[in-house]
Amino acid sequence: MKNEIKCPACQQVTNQMIDHESLDFKTMPFDNQLFATFQCLQIGCHQVFKFELEVSVPQVPEPTDKLMIVVKKEVPRQVIEDVFVTALEGGSNYWYFLPEKSVNAIRKAVPKSVEPYLSIAISKAIIDHGVEVGINDAENEDEELGVISLKTMNERIQKLAIESKWAFDNEMEENGDASSSDVWLQYMAFGEIIFG
């Protein structure tokens, strides 16, 4: 309880409680209030007075049969690379478009002479060079839908592991396909499934 208790006669702060109605917080039926009797310790005063205390009672959470535990898993680099290849070469073709700005940023970081395949170069650009890759809408190629970056990838993949466990597990167990890779790409770009 946090209260500044002042003597009404001399305004001296005191904490000398000499009596109280009840301090059994577990059973007492009060609404965050408690009455107690105090005595001022100021020389020449010694006033006895009642004071209404404000009491903070910790809330006990309701029992539940559900427990949320977030388990972080290490995702091998090869899984990310495989997801990009499968998603960009088929699984996500129905919704995504890589604008020239993104392709140029990827190729500036990872030239064709280093990696000829764009679907592999994109993972290298993001993971090794911190390139942020904008993903646009296939139906409206000027509209940016999301960005894939190393800064957001970890949090979004952890979210994927909880919300779309089947897709996460398929890729982690090397059983990925166009559908699971599409889900991964959407989580990496948006943090959720928007298409499909």
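**Exercise 1: aromatic pairs**

How many aromatic pairs does the structure hold, and how do the rings of W95 and Y96 meet?

Solution. This is a predicted model, and it holds five aromatic pairs. Take W95 and Y96: their ring centres sit 6.1 Å apart, with 70° between the planes. Planes over 60 degrees apart count as edge-to-face, and that is the label for W95 and Y96.

**Exercise 2: a second partner for W95**

Work out how the rings of W95 and F195 are arranged, and where the two residues sit in the chain.

Solution. Start with the geometry: the centres are 5.2 Å apart and the planes lie at 10°, so W95 and F195 are stacked. Now look at the chain. W95 is in the loop between helix 1 and strand 4 (96–97), while F195 is in the segment after helix 6 (178–190). The two are 100 residues apart, so the pair links distant parts of the chain. To finish, put the residues together: W95, Y96, F190 and F195 make up one aromatic cluster.

**Exercise 3: buried or partly exposed?**

Sort W95, Y96 and F195 by relative accessible area.

Solution. The cut-off for buried is under 20%. W95 comes in at 1%, so it counts as buried. Y96 has 14%, so Y96 is buried too. F195 has 22%, so it's partly exposed.

**Exercise 4: helix 3**

Which residues of helix 3 are buried, and what do they pack against?

Solution. In helix 3 (residues 118–129), pick out S119, A121, I122, S123, A125 and I126 as buried. Their packing partners include helix 1 (77–91), helix 2 (100–109) and strand 5 (133–137). Just past the end of helix 3, G130 has a positive phi of about 65°.

Terms used:
Residues are numbered from 1 along each chain as its sequence is written. This is a predicted model: local features need pLDDT of at least 70, side-chain atom pairs count only at pLDDT 80 or more; totals for chains, interfaces and linings use all residues. Side-chain values use heavy atoms; hydrogens and water are left out. Buried means under 20% relative accessible area, exposed over 50%, partly exposed in between (1.4 Å probe, protein chains only). Helices (H or I, at least four residues) and strands (E, at least two) are DSSP runs, numbered from the N terminus. Contact means heavy atoms within 4.5 Å. Rings of Phe, Tyr and Trp (its six-membered ring) pair if their centres lie within 6.5 Å; planes under 30 degrees apart count as stacked, over 60 as edge-to-face and the rest as tilted.
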